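Work through the exercises below with the sequence and the coordinates open. Each task is followed by a solution in steps.

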Protein chains: 6
Amino acid sequence: MVWNDVIRAVYPGRFQPVHLGHIEVIKWALDKVDELIVAVGTAQESHTVVNPFTAGERVVMLRLAMEEFGLDMRRIYIIPVPDILMNSVWVSYLQLYVPKFRYGVARNPLVVRLFKEAGYEVLTPPPYERDRYSSTKIRRMMLAGDPSWRKLVPSSVARFIDEVDGERRLREVLGSD
Amino acid sequence: MVWNDVIRAVYPGRFQPVHLGHIEVIKWALDKVDELIVAVGTAQESHTVVNPFTAGERVVMLRLAMEEFGLDMRRIYIIPVPDILMNSVWVSYLQLYVPKFRYGVARNPLVVRLFKEAGYEVLTPPPYERDRYSSTKIRRMMLAGDPSWRKLVPSSVARFIDEVDGERRLREVLGSD
Amino acid sequence: MVWNDVIRAVYPGRFQPVHLGHIEVIKWALDKVDELIVAVGTAQESHTVVNPFTAGERVVMLRLAMEEFGLDMRRIYIIPVPDILMNSVWVSYLQLYVPKFRYGVARNPLVVRLFKEAGYEVLTPPPYERDRYSSTKIRRMMLAGDPSWRKLVPSSVARFIDEVDGERRLREVLGSD
Amino acid sequence: MVWNDVIRAVYPGRFQPVHLGHIEVIKWALDKVDELIVAVGTAQESHTVVNPFTAGERVVMLRLAMEEFGLDMRRIYIIPVPDILMNSVWVSYLQLYVPKFRYGVARNPLVVRLFKEAGYEVLTPPPYERDRYSSTKIRRMMLAGDPSWRKLVPSSVARFIDEVDGERRLREVLGSD
Amino acid sequence: MVWNDVIRAVYPGRFQPVHLGHIEVIKWALDKVDELIVAVGTAQESHTVVNPFTAGERVVMLRLAMEEFGLDMRRIYIIPVPDILMNSVWVSYLQLYVPKFRYGVARNPLVVRLFKEAGYEVLTPPPYERDRYSSTKIRRMMLAGDPSWRKLVPSSVARFIDEVDGERRLREVLGSD
Amino acid sequence: MVWNDVIRAVYPGRFQPVHLGHIEVIKWALDKVDELIVAVGTAQESHTVVNPFTAGERVVMLRLAMEEFGLDMRRIYIIPVPDILMNSVWVSYLQLYVPKFRYGVARNPLVVRLFKEAGYEVLTPPPYERDRYSSTKIRRMMLAGDPSWRKLVPSSVARFIDEVDGERRLREVLGSD
């Protein structure tokens, strides 16, 4: 029964975009478990101010960042999960999309609560300069044309965002509100 | 513009369960492109006669099989995709969940057509003993208690199905119809 | 902590229509627990051959039958629940609609399995002449104009079905297939 | 209050494809009311054996046929309506998509019933050789390569179906089942 | 035709949480009709700032309050109804979930309008100190740790909310915004 | 292959309500293409502050305005399209509902972007006094009881809105927020 004995944690996030704080959490979690599942939430949404990138693009960003930081891809699953819009059902729904796991990785009080209500233990990572590494702040910088967001994300992610012309997409999306 | 230059194909399937024919297609496709995206379709469904396994379990089966066959995980993405139930929109919807791709990998005439209507070229793999390697047949064998299905799937997949007691699940699911 | 100590079971069914076998199960379950939740499934569907009656009508049938049999309504909840179409998520979704419960009441192997996978114990009622008391058979009799279906349902339910002209509805629904 | 005084009927169908029987019904209804709404149902589905054509294509077929038969487009609305999958709600949902109407045009017993339950009068057209003019039969002929389906549809519709290579689409869709 | 002659009204609300104003409306309505249907709206949502409690919990709160106030449960139906997100269809959809009714009970101008557009008469209850008895205010008090909310709800409801640790849930849910 | 050669553009909008700016765009577009498709978006929503009118009513408004301005209805399609809530899929979904088109007509940067990402050319109409002709402003005037909104819409549309008592509906909808 080898497979069932592997200890896994699931780390849900929206990753809009992936930043260095996310990478710290992933490295921290990989020290705690055998395998880590990174669940890319709100997978159905893109081209909005809070969710500019598609799930596919966010999968790529995570993959590029993991390669850049030399993480062992054989210990990581990256899985997009669309919203279900029923909070109390969300953990059960997450179980459907990802391999069997033992822990949730979360700091958000609601997410922590939902994991616990569903019977999971929660691994709470340190805050890792949350004020600095914040996807919301990064998107604001991108909108404002402030290039310093590039220092807050892995350099491979910055290059990818430039390749898909992310700053311009965000501005066009905002222009439509 | 390195990332955009990588040539990718997407191979959609339900993988209920993963069998040796799937592995042949994956190996064949990896010879043709830089990276392959395996899209695990009908991701929202499980515990039915045609879709007994969850998306998470099918992701695991694919991963185990790829490891067993020594495939290079750095060149492969495994991504669950729920149904959209509007055929003409399906390729556009698939694009949302997966990294940018150039080719569809398909033999099914409708899937081939939908890729072409959406402007994609299609890579058509050889049939690889389709009569033998068929998920439908394998599920029937499992229901009938015929152990020879184990020869039609990678041995790591057979072990995994036994770990999750797949034969019994299938029988219980059938009992409910 | 009085309320949390009440022992409840949930009994899911479609009740198309309510018959005497259902009443036997309800009486049997009321002997085992403090309170019983009757979950009226596939609540969103009506006017089809397998689901001719609305959720509202099925709630009424259950209520009428319970009054006819002198059951204590203070120990019973009747709650319509629409489908979610994701089997593995169904128990979690059911929890959202109904009061907290300890047991599932089920004979169907899939339903039994889903309750168990979600960590619930299952109370399995005796079969109570399942060949005789079957909603499918009753609907067939109604379609065939065989009046003996009236002996298989509580007399209050038979009267209600006549009030809403149920036989004719079923024939008109069939005529559309 | 001129606009509210106009007498309208709504004629729902799937029109897969439009045939001469549909045209007879439309002409018959235009004799009875001031304006006719043709509701193109199951609008979300295409590329299946029972719904090969998109809603947009069916709108075009109806328009071409109406022009061919010299019908007055100023008295006709053609409106696609997606499914709602709750029969008892369907008429209310139809009201949302179309101008205010007084009559339903229907022969199907379920549709007649749903209009009546919602308080509408129903105009029942004559059968117009229903055995001959049947979309199901026409699709079967198309699949079998029997060219006589062209005599059962308006000639403008036959040309349109050939332009979009409808026979081949139907065969490819079937091949995927 | 006894059952059809019973005069019923439906009283829709979200009941997040049940307060003394709701009880006043229920008592007022029970004086006007034979039976009252309490429809628990937005049933699918929980664990949010505006909808902290599940439908099942709200059903329990209503039941506890009715027992506390000695209301006759045989004259009351409590039925959760999920959102449909199409206002003009909402009354028809409500009809699907609940027993046949003659009146809507509502003060909200939109709800009054929707009942009237669907052909129902509306019973408008007196305001019953609406400024005081407001679920929004109660939730704000709970968030602020102001214990005086307990005086605005039935004491059985206050106890229930404490049993499920409602104040803490609300704070954790808010923390996630 | 006559039909495929017709050059069409699609002009998406919500038309809540139709105003003189919309008519200018429609006339402008009819000068550029053979046929124009007016797509009535967010078709599923009505009776809200931003979407007070049903899709059916908006179809009527467009039709009345086109007749008032003497536009050639044989060159125009008016088609309601419900939301899909996945921006990146929206153009593909629009294709499903409407006849084949070559151009999108849009000024909104997001809509322009989505058309371009899907491979369409975009026709950008002049602004036509956008500050004056704005559905948002018109709805605000209606709410405030400022009758000057009637000068901003076609007179046939003003009459229609009065017939359906649009000002009052808007006020009742607002009262519910």
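Copies are superposed by least squares on the C-alpha atoms of residues with pLDDT of at least 70 in both. This is a predicted model, in which local features need pLDDT of at least 70 and side-chain atom pairs count only at pLDDT 80 or more, while totals for chains, interfaces and linings use all residues. Residues are numbered from 1 along each chain as its sequence is written, and chains are lettered from A and ligands numbered from 1 in the order in which they are written.

**Exercise 1. Symmetry of two pairs**

Task: Find the turn and the shift that lay chain A on chain B, then do the same for chain C and chain D.

Solution.
- Step 1. A turn of 180° with a shift of 0.0 Å along the axis lays chain A on chain B, at an RMSD of 0.0 Å.
- Step 2. These two copies are therefore related as by a two-fold rotation axis.
- Step 3. Ile79(A) has the C-alpha of chain A nearest that axis, at 3.1 Å.
- Step 4. For chain C on chain D, the turn is 120°, the shift along the axis 0.0 Å and the RMSD 0.0 Å.
- Step 5. This pair is thus related as by a three-fold rotation axis.
- Step 6. The C-alpha of chain C nearest the axis belongs to Leu85(C) and lies 7.6 Å from it.

**Exercise 2. Contacts between chains**

Task: Describe the side of chain A that touches chain B, and state how far apart the nearest C-alpha atoms of chain A and chain D are.

Solution.
- Step 1. Two residues are in contact if their C-beta atoms, placed from the backbone, lie within 7 Å.
- Step 2. By this criterion, 23 residues of chain A contact 23 residues of chain B.
- Step 3. Helices (H or I, at least four residues) and strands (E, at least two) are DSSP runs, numbered from the N terminus. At least two residues each come from helix H1 (2–5), helix H3 (55–68), strand S3 (76–80), helix H4 (90–97) and helix H7 (155–163) of chain A.
- Step 4. H3(A) gives the most, with four residues.
- Step 5. Ala, Val, Leu, Ile, Met, Phe, Trp, Tyr, Cys and Pro count as nonpolar, Asp, Glu, Lys and Arg as charged, and the others, Gly among them, as polar. On this side of chain A there are 16 nonpolar, five polar and two charged residues.
- Step 6. Chain A and chain D do not touch, and their nearest C-alpha atoms are 18 Å apart. Likewise, no contact joins chain C and chain F, with closest C-alpha atoms 18 Å apart.

**Exercise 3. Fold and dimensions of chain A**

Task: Count the helices and strands of chain A, and compare its radius of gyration with the globule rule.

Solution.
- Step 1. Chain A has eight helices and five strands.
- Step 2. From the N terminus on, their order is α-β-α-β-α-β-α-β-α-β-α-α-α.
- Step 3. The radius of gyration is taken over C-alpha atoms, and the globule rule is 2.2 Å times the number of residues to the power 0.38. For 177 residues, a compact globule would come near 16 Å; chain A has 16 Å, which agrees.
- Step 4. Along the principal axes, the C-alpha atoms of chain A fill a box of roughly 50 × 35 × 25 Å.
- Step 5. Of the contacts in chain A between residues at least 6 apart in sequence, 72% join residues at least 24 apart.

**Exercise 4. Strand S2 of chain F**

Task: Which strands pair with S2(F), and which units does S2(F) help make?

Solution.
- Step 1. Two strands pair if DSSP finds at least two bridges between them.
- Step 2. Strand S1 (residues 8–13) of chain F pairs with S2(F) in the parallel sense over six bridges. Here Gly13(F) stands opposite Val40(F).
- Step 3. S2(F) also runs parallel to strand S3 (residues 76–80) of chain F, joined by five bridges. Ala39(F) stands opposite Ile79(F) in S3(F).
- Step 4. A crossover is right-handed if, with the strands pointing away from the viewer, the path from the first strand over the helix to the second runs clockwise. S1(F), helix H2 (residues 20–30) and S2(F) make one right-handed β-α-β unit; S2(F), helix H3 (residues 55–68) and S3(F) make a right-handed β-α-β unit as well.

**Exercise 5. Burial in chain C**

Task: Is Asp83(C) buried or partly exposed?

Solution.
- Step 1. A residue is buried if 20 or more other C-beta atoms lie within 10 Å of its own, exposed if 12 or fewer, and partly exposed in between, with C-beta atoms placed from the backbone.
- Step 2. Asp83(C) has 13 other C-beta atoms within 10 Å, so it is partly exposed.
- Step 3. Asp83(C) lies in the loop between strand S3 (76–80) and helix H4 (90–97) of chain C.
- Step 4. In H4(C), eight of the eight residues are buried, so this helix is largely enclosed by the rest of the structure.
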